[in-house]
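Trainee: I am new to this structure and would like a close look at a single part of it. Could you pick out the nonpolar surface patch and walk me through it, with some of its surroundings?

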Amino acid sequence: MTFPELNPVVGYVSLVLVAFSTVLIGIYGLRISRTTGDFYVASRTVRPWWNASAIGGEYLSAASFLGVAGLILLSGVDALWFPIGYTAGYLMLLLFVAAPLRRSGAYTIPDFAQARLDSRNVRRVTSLLVIAVGWLYIVPQLHGAALTVRITTGLPSWVGSVAVVVVVCLSVVTGGMRSITFVQAFQYWLKLTAIAVPIVFILIQLAGSGEALTDDGAVFDSALNATAGASLYQNISLVIALLFGTLGLPHVLVRFYTNPDGPSARRTTLIVLGLLSVFYLFPTLYGVLGRIHTPDLAVRGAADATVLLLPSRIFDGAAGDLLSALVTAGAFAAFLSTSSGLVVSLAGVVSQDFFRGSVSGFRWAAIISALIPLGFALLTDTLALAGSVSMVFAFTASTICPLLLLGIWWRGLTDVGAIAGMLSGAVLCGGSILAAAGMGSDRAPQWLEQPALWTVPSAFAVTIAVSLLTARRKPANASRVLARLHTPEAL
């Protein structure tokens, strides 16, 4: 689709300012990143408010900033499950994972897997899955950057993807986790400002012009409730994917290793719930107003542009340009912060397994972790951002999540059971996603398009069944490790 042309100066200025500020903050992080602990987990000294802002910065990705509004434009009220699920996933983290994972003392998810099950094979399988999840998640961020650059500057799409990878590599390579913590905390508040301020002015403009929230007789409520009619199966499967998928996202979990202790990890998660709840109000409003004022974007490959184009549809001249510049800056910050978090988490895994965990190995691992998904992004088309990310959540929920939940809460888990569960979840969920993609969205059955409802329980069932059949392989140190995970630091 050919998008309405925006003032290219708006795009250039916004993108350059965000990129420059990101690199500048990364350089500042370099000044205080001196040890291996600084690069991997910021020496475990990040306080709850700061860490929560950083988590919000990396979690609010292209799917959140652009994709939620696009899906609401296309599907109406059914798409509200996305912001609800994205936020509620952190409640699951708060209840079941945050504090025990921090007490594990690990640097990465594979570190936790090896410590809990005393198995190099479990570590290897976990590492491969973490890398796969990270690459799958980075690709939509690069697609979002490509879309944003094409709309706002008129440059070829590949420029956006390459620009994100260059800036992310500079930030991560220079300062590691401590540097990225500063960058992501700044970018959360930038994104919140960038998405909130324009919508406030849009609402004021619509109310003052006499249109209120209507256009050509359409009303606000009917715009939201005109849905595409997703089935009960699809909605339940989506919620399961989002709730359980959040528990296994590597760039989210690595953040809890940076807290000083378990209680601060819980406080961090509680603050994140508040930050996300506030943020998701705004893309929801963009989606609803987009159904009224940008209905021409309700086609494949265009709906994700709603947030970028709505301000220019409501305001003319300088006002429209300024508000468009703001949302463009926020969108680019979303791609940078999420990609940075993913690259940091992947670099930690790759460097530990292939470069002996050194700082120089971390830097090489970061470059590799960014370049490979760039190749995939350049070779594939942009899909619906929130929809493609939900598939990553389903895959994560079917693979890494069972390992974490059962590893933290069930003494009977064995190494063979964990491997069987992860591999079965990967085959079932990955196979379903590939089969649905091959058949096309119009012909694929619902159970292939949204597989989490059956692949997640299947992965848990296989893990438990195989662990019971191999009970003799339960690690000798299981009781000691579980005691460490669940005993408050004060004791």
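Mentor: Happy to; we will begin with the whole protein, go on to the patch, and finish with two other residues.

Please keep in mind that this is a predicted model. The protein has 21 helices and zero strands, so helices will be our landmarks as we go. Of its 491 residues, 60% count as buried. Among contacts with a separation of 6 or more, 86% are between residues 24 or more positions apart. As for the outside, the protein exposes about 18100 Å², and carbon and sulfur atoms supply 68% of that area.

Now to the part you asked about. Which residues make the nonpolar surface patch? Leu-91, Leu-95, Phe-96 and Trp-409 do, and together they form a patch of about 390 Å². Helix 5, which covers residues 81-96, gives the largest share of the patch, with three residues. Trp-409 has its place in helix 17, which runs over residues 385-409. Is Trp-409 buried, partly exposed or exposed? It counts as partly exposed, because its relative accessibility is 47%, and the partly exposed class lies between under 20% for buried and over 50% for exposed.

For a contrast with that surface residue, let us turn to Ser-127, in helix 8 (residues 120-153). Ser-127 counts as buried because its relative accessibility is 4%, and buried means under 20%. What does Ser-127 touch, if we leave aside its neighbours within four places in sequence? Its contacts are Pro-110, Val-349 and Asp-353. With Asp-353 there is also a polar contact, made from side chain to side chain at 2.4 Å.

Our last stop is Gln-446, which belongs to helix 19, spanning residues 446-449. Like Trp-409, which is partly exposed, Gln-446 falls in the partly exposed class, because its relative accessibility is 34%. Setting aside neighbours within four places in sequence, Gln-446 is in contact with Ser-231, Tyr-233 and Gln-234. Take Gln-234 from that list: it stands 212 residues from Gln-446 along the chain, while the C-alpha atoms of the two are separated by 6.7 Å.

To return to your patch when you look at the model yourself, find helix 5, the source of three of its residues, and then look for Trp-409 in helix 17.

Definitions and conventions
Residues numbered from 1 in each chain as written. Predicted model: local features only at pLDDT ≥ 70, side-chain atom pairs only at ≥ 80, totals over all residues. Heavy atoms only, no water. Patch = residues over 30% accessible without salt bridge, like charges linked within 9 Å, V, L, I, M, F, W, Y side chains within 5 Å. Areas by Shrake-Rupley, 256 points an atom, 1.4 Å probe, with all protein chains shown as cover. Salt bridge = Lys/Arg side-chain N within 4 Å of Asp/Glu carboxyl O. Helix = DSSP H or I, 4+ residues; strand = E, 2+ residues; numbered from the N terminus. Buried < 20%, exposed > 50% of the residue type's maximum accessible area, 1.4 Å probe, protein only. Contact = heavy atoms within 4.5 Å. Polar contact = N/O pair within 3.5 Å; in protein donor to acceptor, adjacent residues only side chain to side chain.
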